[in-house]
Amino acid sequence: MTLPPQHRQLIDGPAGALEVLVEAPPQIAGPVCVICHPHPQYGGTLDNKVVYTLARAAQGLGAPAVRFNFRGVGRSEGAFANAVGEVDDLLAVTAFARARWPERPVHVAGFSFGAAVALRGHAAVGAESLLLVAPPAGMGYLEPAAAPEVPWQVIHGRDDQLIALDVLQRWLQTVDPLAPLSVIDDADHFFHGRLTPLREAAQAFWEPLWRAVP
């Protein structure tokens, strides 16, 4: 069966079915990007506008974008598992993406709680790069953490009202004093009115990495 370039489907996950949204550009010229959404207990879903923006950024560079709902969200089965079971969800979705595009490397991104899941799971899924947008420093989901061994980038809003920039910077110092951090001026946690600079920052990180992907 030939699937349309953009579609939702259910796949097998570790706690039951997982809802996945696949979006492939007309001409695929990049890797596959798997994107994790914010906290399930505070309304986070794959339709979050920051997650949507990251998907658009990936597609703009020719990469298929795969968004998914963590367990217990939308049509995904199961229940919240405190960023532990959600890593297993990420592994399942990444395996699905690799099966669909076996010739293409996988890159992982996440927003807020999803950034913590992406950080925890990127090595296990064999991600080629890691993009963390507003990672939840100081909330317990990021510890313990070691510096990723793949190219990575952190994007944060200067006016983030949930995760203060200085808190994030202190956390980054414990992980890697040279951590790559891009700060977007006039941006709060949800990047209200600042989604275009967010998209541009994501593409600025990805484009050099993806340029050589056949």
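A salt bridge here is a side-chain nitrogen of Lys or Arg within 4 Å of a carboxyl oxygen of Asp or Glu. Keep that cut-off at hand for the first stops. The model on screen is predicted.

**Whole chain**

Start with the full protein chain in cartoon. Five helices and eight strands make it up. From the N terminus the order is β-β-β-α-β-α-β-α-β-β-α-β-α. The radius of gyration is 16 Å, close to the 17 Å that the globule rule gives for 214 residues, so the chain is as compact as a globular protein of that length. Turn the C-alpha trace along its principal axes: the spans are about 50 × 40 × 35 Å.

Now show the surface. The protein chain exposes about 9,000 Å². Carbon and sulfur atoms supply 53% of that area. Of the 214 residues, 55% count as buried. Contacts reach far along the sequence: among those between residues at least 6 apart, 66% join residues at least 24 apart.

Colour by charge next. There are 15 positive and 21 negative side chains. The centres of the two sets lie 5 Å apart.

**Salt bridges**

The whole structure holds nine salt bridges. Three stops follow.

Select Arg56 and Glu23. Their side chains meet in a salt bridge, 2.8 Å from N to O. Arg56 sits in helix H1 (residues 49-60) and Glu23 in strand S2, so this pair ties together parts that are 33 residues apart in sequence. Buried or exposed: which word fits Glu23? Glu23 is buried, with a relative accessible area of 2%. Arg56 is partly exposed, at 23% relative accessibility.

Stay on strand S2 and select Glu19, together with Arg8. These two form a salt bridge, with the closest N and O atoms 3.3 Å apart. Glu19 belongs to strand S2 (residues 16-23) and Arg8 to strand S1 (residues 6-13), and the two residues are eleven apart. Glu19 counts as buried at 5% relative accessibility. Arg8 is partly exposed, with a relative accessible area of 38%.

Move on to Asp89 and Arg71. What joins their side chains? A salt bridge does, at 2.9 Å from N to O. Asp89 is in helix H2 (residues 85-100), while Arg71 is in the loop between strand S4 (65-68) and H2. The pair links distant parts of the chain, 18 residues apart. Asp89 is buried, with a relative accessible area of 0%. Arg71 also counts as buried, at 10% relative accessibility.

Before leaving the charges, add Asp47 to the selection of Arg8 and Glu19. Salt bridges that share partners join Arg8, Glu19 and Asp47 into one network.

**A buried strand residue**

Select Ile155. Strand S7 (residues 152-157) is its place. Ile155 is buried, with a relative accessible area of 0%. Which residues is Ile155 in contact with, leaving aside its neighbours within four places in sequence? Show Leu131, Leu132, Val133, Ala134 and Pro135 as sticks; they are among them. Then add Ser182, Ile184, Phe191, Leu198, Ala201 and Ala202, which are also in contact with Ile155. For a distance check, pick the C-alpha atoms of Ile155 and Phe113. They are separated by 14 Å, with the two positions 42 residues apart along the chain.

**An exposed proline**

Go to Pro102, in the loop between H2 and strand S5 (106-111). At 63% relative accessibility, Pro102 counts as exposed. Add Val32. The C-alpha atoms of Pro102 and Val32 are separated by 9.8 Å, although the residues are 70 apart along the chain.

**Two backbone stops**

Most residues other than glycine have a negative phi. Two loop residues are worth selecting with that in mind.

Take Asn82 to begin with, in the loop between S4 and H2. Its phi is near 60 degrees, a positive value in a residue other than glycine. Asn82 is partly exposed, with a relative accessible area of 44%.

Then jump to Ser112, in the loop between S5 and helix H3 (113-125). What is phi of Ser112 near? Phi of Ser112 is near 60 degrees, again a positive value in a residue other than glycine. Ser112 counts as buried, at 11% relative accessibility. The tour ends at this loop.

Methods: Residues numbered from 1 in each chain as written. Predicted model: local features only at pLDDT ≥ 70, side-chain atom pairs only at ≥ 80, totals over all residues. Heavy atoms only, no water. Helix = DSSP H or I, 4+ residues; strand = E, 2+ residues; numbered from the N terminus. Rg over C-alpha atoms; globule rule 2.2 N^0.38 Å. Buried < 20%, exposed > 50% of the residue type's maximum accessible area, 1.4 Å probe, protein only. Contact = heavy atoms within 4.5 Å. Areas by Shrake-Rupley, 256 points an atom, 1.4 Å probe, with all protein chains shown as cover. Lys, Arg positive; Asp, Glu negative; His and termini not counted. Charge placed at Lys NZ, Arg CZ, Asp CG, Glu CD.
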